[in-house]
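Work through the exercises below with the coordinates open. Each task is followed by a stepwise solution.

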Amino acid sequence: MPQLLIRNLEEETVNSLKRRAQINHRSLQAEVQWILENAAKIQPDNFWANASRIRARLQSTHQTFSDSAELVREDRDA
């Protein structure tokens, strides 16, 4: 299996990754691998197709969702 070496990471970044790994009950290596594998699956050219699929799935449930912009406007006008 291929390996990847990342040099010169900020200490704060490494500490953040260690905390995240601990929260997710993974080793640092497993956490970084999970992050990279999932990030690589996201392709910008698929964004709108994925958004349309999600929108269609939500519409098929016939649930209503509040519009946060409307709520913010109400709070601002109050």
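**Exercise 1. Classify the packing of H1 against H2.**

Solution. H1 and H2 are roughly perpendicular to each other, a class that covers angles of 65 to 115 degrees (under 35 is roughly parallel, over 145 roughly antiparallel, the rest oblique).

Step 1: get the geometry. The axes of H1 (residues 11-23) and H2 (residues 28-41) cross at roughly 95° and come within 9 Å. Axes are lines fitted to C-alpha atoms, for helices over the stretch in contact, with angles from 0 to 180 degrees between N-to-C directions. Helices are DSSP runs (H or I, at least four residues), numbered from the N terminus.

Step 2: list the residues in contact (heavy atoms within 4.5 Å). H1 supplies Leu17, Lys18, Arg20 and Ala21, while H2 supplies Leu28, Glu31, Val32, Trp34 and Ile35.

Step 3: sort them by class. The contact has six nonpolar, three charged and no polar residues. Here Ala, Val, Leu, Ile, Met, Phe, Trp, Tyr, Cys and Pro count as nonpolar, Asp, Glu, Lys and Arg as charged, and the others, Gly among them, as polar.

Before going on, note the basis. The model is predicted: local features need pLDDT of at least 70 and side-chain atom pairs 80 or more, whereas totals for chains, interfaces and linings use all residues. Numbering starts from 1 along each chain as its sequence is written, and side-chain values use heavy atoms, without hydrogens or water.

**Exercise 2. Find the salt bridges and describe how they connect.**

Solution. Step 1: apply the rule, a side-chain nitrogen of Lys or Arg within 4 Å of a carboxyl oxygen of Asp or Glu. The count is two.

Step 2: take the pair Arg20 and Glu31, at 2.6 Å from N to O. This pair links distant parts of the chain, eleven residues apart, with Arg20 in H1 and Glu31 in H2.

Step 3: take Arg26 and Glu31, also bridged, at 2.6 Å from N to O.

Step 4: check accessibility (buried under 20% relative accessible area, exposed over 50%, partly exposed in between; 1.4 Å probe, protein chains only). Arg20 is partly exposed at 36%. Arg26 is partly exposed at 29%. Glu31 is buried at 0%.

Step 5: connect the pairs. Shared partners join Arg20, Arg26 and Glu31 into one network.

**Exercise 3. Place Ile35 in its surroundings.**

Solution. Step 1: locate Ile35, which lies in H2. Step 2: read its accessibility; at 24%, Ile35 is partly exposed. Step 3: find its contacts. Ile35 touches Leu17 and Arg20, leaving aside residues up to four places away in sequence. Step 4: check the backbone. The C-alpha atoms of Ile35 and Leu17 are separated by 9.9 Å, with the two residues 18 apart along the chain.

Conventions
Helices (H or I, at least four residues) and strands (E, at least two) are DSSP runs, numbered from the N terminus.
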